[in-house]
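Here is my notebook from an afternoon with one model. I kept the entries short, and I hope you can follow along on screen.

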Protein chains: 2
Amino acid sequence: MKKLYLKDIAKNLNVSKTAVSLVLNNKGDENKISKETQERIIAYAKKYNYVPNQLARGLSRGKSETIGLIIPNISDTFYAQIAGFVEARAMEMGYTVVFSSSYEKPEKESKLIQSMLNRQVDGLIISSTQKNEKDILRLQENDFPFVLIDRHYPNLDTNYVIVDNFGGIYHATKHLLDLGRKKIGFVTIKSDLDAMQQRLLGYIKALDDHGVEQDGRFVSELDQKTYVTDMAEMIRAITTPEKRVDALLFSTHYLAREGLRALNELNIQIPDEVAIASFSEMSAFDLVNPPITAVIQPVQKIGDLAVDILVDEMKGDHMIKTKDKRIVLDTNFKIRKSCGA
Amino acid sequence: MKKLYLKDIAKNLNVSKTAVSLVLNNKGDENKISKETQERIIAYAKKYNYVPNQLARGLSRGKSETIGLIIPNISDTFYAQIAGFVEARAMEMGYTVVFSSSYEKPEKESKLIQSMLNRQVDGLIISSTQKNEKDILRLQENDFPFVLIDRHYPNLDTNYVIVDNFGGIYHATKHLLDLGRKKIGFVTIKSDLDAMQQRLLGYIKALDDHGVEQDGRFVSELDQKTYVTDMAEMIRAITTPEKRVDALLFSTHYLAREGLRALNELNIQIPDEVAIASFSEMSAFDLVNPPITAVIQPVQKIGDLAVDILVDEMKGDHMIKTKDKRIVLDTNFKIRKSCGA
DNA sequence: CCATTTAACTAAACCGGTTTAGTTATTGTA
DNA sequence: TACAATAACTAAACCGGTTTAGTTAAATGG
């Protein structure tokens, strides 16, 4: 079964490649190809199941109908979910998705962007390490369509779809305060990511607004690489009788997971001794012991909107560029047993 | 900043496109391009950061350096993990990965295969719905490189990388029996997947080998679409005083998750009243209440091997095809509290 | 009835690379 | 000294589509 090419159809129907190409691209009418010829071509193509070579088409059209997705880590449930929605939406719109994980390494991210551009993707969706301003700027200077998700560059004017990190954590903190917790610790990852900064700020603002003084606050920043092992020690340190916290907020889901593990190992009762809550969740947070209260991110919306904005951008005349789209989505708050509500 | 093309380099250095192409593809020596010219070309390309258009290169070479990954669902942690390893390994080998989810629909899978072929992927890694024999056969007839993962077609001679489903569940069942459980229920999904059949068979064989009679067995097959809601009722039914099971084996991780949820809601003590274990796990199985004993699949090995075999296949001369590679990987067994060990 | 349109089509250039089949000048050999 | 071999290149075809700029014959218009 050998492959059927445009020229084969042309030859077999005694018409030109041009005619076949035009008709199969729905440009038959505007190019005055007779109804009859159009039908012959379409029938033949359907009968022998003709499908164009996308590389050839991409090369001559200057576009590949492909979008690139660069995320920190596809194995992380949060990004895996986003990837799922991005792919589904992209497919609806006729695009294929190529993806790669940057593993939080700016140089890797930089290489991936370059490599995807070589592959002629028509647009990019990036959840950046946020240490790659120059690549992002370059994309922008070249009017290359892209959308940042989950993480954005606060001082750059780009399209983005992020969540209200500040508001989400503010809500969670307030909730703990309202339940009477006075000494709330905040466990986060050492990171320059704006999202992480915002979460920290939201926590602080909530404490300030409720008049919680300096000694009611404990911020622990763990190292990305060693947090799993460091967690237990850190928790032990802030649960000593002197500076005992009565609640812990985790800035992200995997920290909450390890925190829970450590608390359980230390036999600290949740929520009686220490209440906990997490920003972002994992699929089993409702089944762990105890179920964890969490700020929930609208993953589907992030994925769908990113694609919608990008497609818009890719279709749009680059010269008459519509203004950047910046979207900050609200989070949800799911109350479970771990906060003692 | 306009893009630099091969012909620009040629023009600026007063050499032919041919020379530039050959040199940049490391074919300078064998084509007797002088050392000096080679150096000039390489220096220029590096200086102005030349990168070839992959569509053009792909079109003329007849290959795209891209591999397609088709899985049931990228949002599922098992497949997300595999995707991560596949992508990482593929990148090491110089390949880009495009992926799509089939959501267990054979027609969707069929379309995806076709669409990826149009995009000129050089090879495919497929976790099939296993209801698509004709597409798989077609790939095979055309000597198109592909590897099946996680699910294979038992009656087709293809490359595959799967796990020992039978052995894994046999081990788990035996473990429960050895702990003194006599009435072990098996909860699975209504499915023709060979993997699922093997798990059922492994369970039955283990019971047979240990002389457990008919009334010590309960197999419940839930519907893929409604298992979440059906789970509670089913569990209630098999925990009635008359046919009370003292252990439950779940054929896959999401069933175990829902099963645990249902058991907890019904206030059935695990493992005292009913011990449970799962085939395949999720990242929080060690944190749920109680932690779940599980058969663990070697996700990294699956991903790595699939890529290795595929790359081999893609490089290999199709005419001198090496024999199919069929790999059945051993599972691990992680004992936690839920089985009462 | 001749000049213009228009309908219906096509040849050839093009996209940006790779590759085949030469070409030219120099060196080696009989 | 003539002829083959070799070194160092290049022109042009090719990959499989899309698109521009025509061409031809019939229909319309003044």
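**Entry 1: a helix on the sheet of chain B**

I started with helix H11 (residues 253–265) of chain B, which lies across S6, S8 and S9 of chain B and runs at about 155° to S9(B). Helices (H or I, at least four residues) and strands (E, at least two) are DSSP runs, numbered from the N terminus. For angles, axes are lines fitted to C-alpha atoms, for helices over the stretch in contact, and the angles run from 0 to 180 degrees between N-to-C directions. Two residues are in contact if their C-beta atoms, placed from the backbone, lie within 7 Å.

A note to myself on the ground rules: this is a predicted model, where local features need pLDDT of at least 70 and side-chain atom pairs count only at pLDDT 80 or more, while totals for chains, interfaces and linings use all residues. Residues are numbered from 1 along each chain as its sequence is written, and chains are lettered from A and ligands numbered from 1 in the order in which they are written.

**Entry 2: the sheet itself**

In what order do the strands of the open sheet in chain B come? I read S7-S6-S8-S9-S10-S12, with 6 strands and mixed pairing. Strand S7 (217–222) and strand S12 (332–334) of chain B stand at the edges with a single partner strand each, so one side of each has no neighbour in the sheet. Neighbouring strands are turned by 15° against each other on average, direction ignored.

Then I looked at one pair. Strand S8 (residues 247–250) of chain B and S9(B) run parallel and are joined by 4 bridges; two strands pair if DSSP finds at least two bridges between them. Phe250(B) has Ser278(B) in S9(B) as its bridge partner. I also found helix H10 (residues 227–238) of chain B packing on the sheet, where it touches strand S6 (184–189) and S7 of chain B, at about 160° to the direction of S7(B).

My reminder from class: strands of a sheet pair through backbone hydrogen bonds, either parallel or antiparallel.

**Entry 3: chain A and its domains**

I found that chain A is divided into domain 1 (6–52), domain 2 (64–162 + 300–330) and domain 3 (165–297 + 333–339). These bounds come from an automatic or database domain assignment. The centres of domain 1 and domain 3 of chain A, taken over C-alpha atoms, are 63 Å apart.

**Entry 4: how the two chains meet**

I laid chain A on chain B: the RMSD is 0.0 Å after a turn of 180° and a shift of 0.0 Å along the axis. The fit is by least squares on the C-alpha atoms of residues with pLDDT of at least 70 in both copies. The two copies are thus related as by a two-fold rotation axis. In chain A, Val288(A) has the C-alpha nearest the axis, 1.8 Å from it.

How many residues does each chain bring to the contact? I noted 40 from chain A and 40 from chain B. On the side of chain A, H5(A) gives the largest share, 7 residues. That side divides into 18 nonpolar, 18 polar and 4 charged residues. Here Ala, Val, Leu, Ile, Met, Phe, Trp, Tyr, Cys and Pro count as nonpolar, Asp, Glu, Lys and Arg as charged, and the others, Gly among them, as polar. The copies meet through the same surface, because 100% of the interface residues of chain A are also interface residues in chain B.

**Entry 5: the DNA**

Which residues come nearest to DNA strand D? Of the 26 around this strand, I listed Leu6(A), Ser21(A), Ser60(A), Ser34(B) and Ser60(B). A residue is near a strand if its C-beta atom, placed from the backbone, lies within 6 Å of it. H4(A) gives the largest share of this surface, 5 residues.

For DNA strand C, I found 26 residues around it, and Ser34(A), Ser60(A), Leu6(B), Ser21(B) and Ser60(B) come nearest. H4(B) gives the most here, with 5 residues.

**Entry 6: backbone oddities**

Most residues other than glycine have a negative phi, and most peptide bonds are trans. I then looked up Asn26(A), which is not a glycine and yet has a positive phi of about 60°. Asn26(A) sits in the loop between H2 and helix H3 (35–47) of chain A. I also saw a cis peptide bond between Ile270(A) and Pro271(A), with omega about 0°. Pro271(A) is in the loop between H11 and S9 of chain A.
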